[in-house]
Amino acid sequence: RRPGRYWTHNDSGDGPRLFAFAARGHRVGECRLPGTTSVDWEDMASYRDGDTARLVVADCGDNSADRTAIQLYFFDEPDPDAVSVVSSPTTVVLRYADGPRDCEAIAVDVVRRNVLLVTKSAIGLAGVYTIDLPGREQTGDSTSFDKATLGKTTHVTAIRQSTLALPMVTGADIDAATGDIWLGNYFTVFHFPCKDRRLSIAAQLGQLPASFDMPQLKQIESLAVDADQRVWVTSEGSPAFLAEVSLAAQTGSLKPE
C-alpha cells in the first residue's frame, strides 16, 4: 500500500503477528491475526488483486515432514504505518497430494491465479506445488473455490508441477510486472524469466536460470521483488538485516533477458 514499506514476521516461537518496516530498518507498524495458528510461519507474500493490496501468510514450516496439513491466511493489506488487527482472514488448509513436505517459500502469481509453494530439502531437490488463488468476496472472481471465501476456511490439495535441482530453497517471489520467478537459498538467488505469460509454471521453471550471489548475511530466509525489479532479502537473527541483491555480477551462465 505504501512505497518503501516491508512486511515481515518472526520464525516459530512467536505469536501470529507481522511487523512493518521502513527501508532503513525502523519499525513503523504491526499487525496481529488473533485466532490463527503460528506453528511455524516461514514466508509471506504481497500482491494486488484488482485494485486491492493483499497479503498471504504461510504457516508452512515442517522440518520433520509430519504435519498432515498447513495453513495459509489471505487478507487485505492493513496500513503498514499503524497498529492493526485482522480478525477474519480467508484460511486455506492445505495438504500436499504426495504427503507432507517442508516449505519455506511461497509466491503469488496474479496472472495465472496461482499460489506457488516451493519445498526445502537438503538432498538437492525442490518440489514446486500450486493451488488456485482464492478471490475476494467483493470482486466475484471466478476461481476453483466453490464460493466466496472471505473470512472462511477452505480445504485444498496442492499439486506438484515441477521438481527442481535446487537445495535448501528458503525464499521465493514473482515479479508482478514481468511474471519472472525468483528463488533463493542461503547462498544463491535464481532467476527464471517469463518469456510468455501463457506458459505453464513447469515450462517457465524448466529453463536454465541465471544465478546471483546472495549478500553475505547469516541464514537468509526470505526474498522479495519490489516495483522497480530490485530483489531484497532478509536474514534471521537479532538484529535482522535487509539487503539488496546485486544483479550486476552474475554467477550463472545465462544472462536474463
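Let's start with the empty space: the count comes to one cavity of 30 Å³ or more. A cavity here is a set of points on a 1 Å grid over the protein atoms alone where a 1.4 Å probe fits but cannot get out, and its lining residues have an atom within 4 Å of a point. Volumes are the space filled by probe spheres set on the points, with grid points joined across faces, edges and corners. Before going on, note that this is a predicted model, where local features need pLDDT of at least 70 and side-chain atom pairs count only at pLDDT 80 or more, while totals for chains, interfaces and linings use all residues. Residues are numbered from 1 along each chain as its sequence is written, and side-chain values use heavy atoms, leaving out hydrogens and water.

Back to that cavity. The largest cavity has a volume of about 40 Å³, and its lining includes Asp62, Arg67, Leu94, Arg95, Tyr96 and Arg101. Strand S8 gives the most to this lining, with three residues; strands (E, at least two residues) are DSSP runs, numbered from the N terminus. By type, the lining of the largest cavity splits into five nonpolar, one polar and four charged residues. For that split, Ala, Val, Leu, Ile, Met, Phe, Trp, Tyr, Cys and Pro count as nonpolar, Asp, Glu, Lys and Arg as charged, and the others, Gly among them, as polar.

Arg101 turns up again in the second largest pocket, where Arg101, Thr119, Lys120, Ser121 and Leu125 lie nearest the centre of a 14-residue lining. A pocket is an open set of points with protein on both sides within 12 Å along at least five of seven lines. This one has a volume of about 170 Å³, and S11 and strand S12 (153-164) each supply at least two residues of its lining. The residues divide into five nonpolar, five polar and four charged.

Tyr96 from the cavity lining also leads us to the aromatics. The whole structure holds three aromatic pairs, meaning rings of Phe, Tyr and Trp (its six-membered ring) with centres within 6.5 Å; planes under 30 degrees apart count as stacked, over 60 as edge-to-face and the rest as tilted. Tyr96 and Tyr129 have ring centres 4.9 Å apart and planes at 65°, so they sit edge-to-face. This pair joins S8 (residues 90-96) to S11 (residues 126-132), with the two positions 33 residues apart in numbering. Both Tyr96 and Tyr129 are buried, which here is under 20% relative accessible area with a 1.4 Å probe, protein chains only.

Trp182 and Phe212 make a tilted pair, at 6.1 Å centre to centre and 35° between the planes. Trp182 is in strand S14 and Phe212 in strand S16, 30 residues apart, and both are buried.

Those two strands belong to an open sheet of four, ordered S13-S14-S15-S16 with antiparallel pairing. Strands count as paired if DSSP finds at least two bridges between them. S13 (171-174) and S16 (210-213) are the edge strands, each pairing on one side only.

Zoom in on one edge: S13 and S14 (residues 181-184) pair in the antiparallel sense over four bridges. Gly171 has Gly184 as its bridge partner, and Ala172 has Leu183. The two strands form a hairpin with six residues between them, and Gly179 in the turn has a positive phi of about 85°. Along S13, Gly171 and Asp173 point one way and Ala172 and Ile174 the other, and all are buried.

Conventions:
Buried < 20%, exposed > 50% of the residue type's maximum accessible area, 1.4 Å probe, protein only.
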